[in-house]
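I opened the model to look up its nonpolar core, one sheet and the salt bridges. My entries follow.

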Amino acid sequence: MAEVSLNTISGLTPPRTMKVKGDVGGLEVIVLIDSGATHNFLSTRIIRLLGVAVVGKGTVGVKLGNRLMVRSQGTCKGVVLNLPEVQVVEDFLPFDVGGFDIILGIHWLRTLGDMIVNWKELRMQFWDGGRLVTITGDLTLSKSLAS
């Protein structure tokens, strides 16, 4: 079972969440790096725009933050996501992910090993092939609900 927060699905996130711009197949995408998501998710809009193959007929239950369960069918294998300092090649579950095109969850984060994360500065650092990679969140990508 996969899990993602309700605010993430609605596209609303607090201003201090880690969002960055990336590129998939020449198309600019908005990426949420979310340690609260169990898997990686790719929006069905991006899948349609780029003609990304969805393979397999397996269905995965996705538990939303409000405890509702929805289904995601198939997997997008080996999707290449270019971030400012690193290329990510991962499998993604197709899913409508609110105001984002991609969610990188624990499925990717756990592959990085030791990391230094500064949530106040929206900065994460990890080693990739002997090179220190720094990803910095983009505050201009925040959308929050005003009371």
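I looked up the largest nonpolar core (buried Ala, Val, Leu, Ile, Met, Phe, Trp, Tyr and Cys residues joined through side-chain atoms within 4.5 Å; buried means under 20% relative accessible area, exposed over 50%, partly exposed in between, with a 1.4 Å probe and protein chains only). It has 27 residues, and Leu104, Trp108 and Ile135 touch the most other members. I noted a second, separate core of nine residues, including Phe41 and Phe95.

The model is predicted: local features need pLDDT of at least 70 and side-chain atom pairs 80 or more, while totals for chains, interfaces and linings use all residues. Residues are numbered from 1 along each chain as its sequence is written, and side-chain values use heavy atoms, without hydrogens and water.

Next I took an open sheet of three strands (DSSP E runs of at least two residues, numbered from the N terminus; a pair needs at least two DSSP bridges). The order is β9-β10-β11, with antiparallel pairing. β9 (115-118) and β11 (131-136) are the edge strands with a single partner each, so one side of each has no neighbour in the sheet. β9 and β10 (residues 123-128) pair over four bridges, and Met115 stands opposite Phe126 in β10.

I then counted three salt bridges (a side-chain nitrogen of Lys or Arg within 4 Å of a carboxyl oxygen of Asp or Glu). Asp101 meets Arg45 at 2.7 Å, N to O. Asp101 is in the loop between β7 (87-94) and β8 (102-104) and Arg45 in helix α2 (residues 44-50; helices are H or I runs of at least four residues), so the pair ties together parts 56 residues apart in sequence. I found Asp101 buried at 7% relative accessibility and Arg45 partly exposed at 40%.
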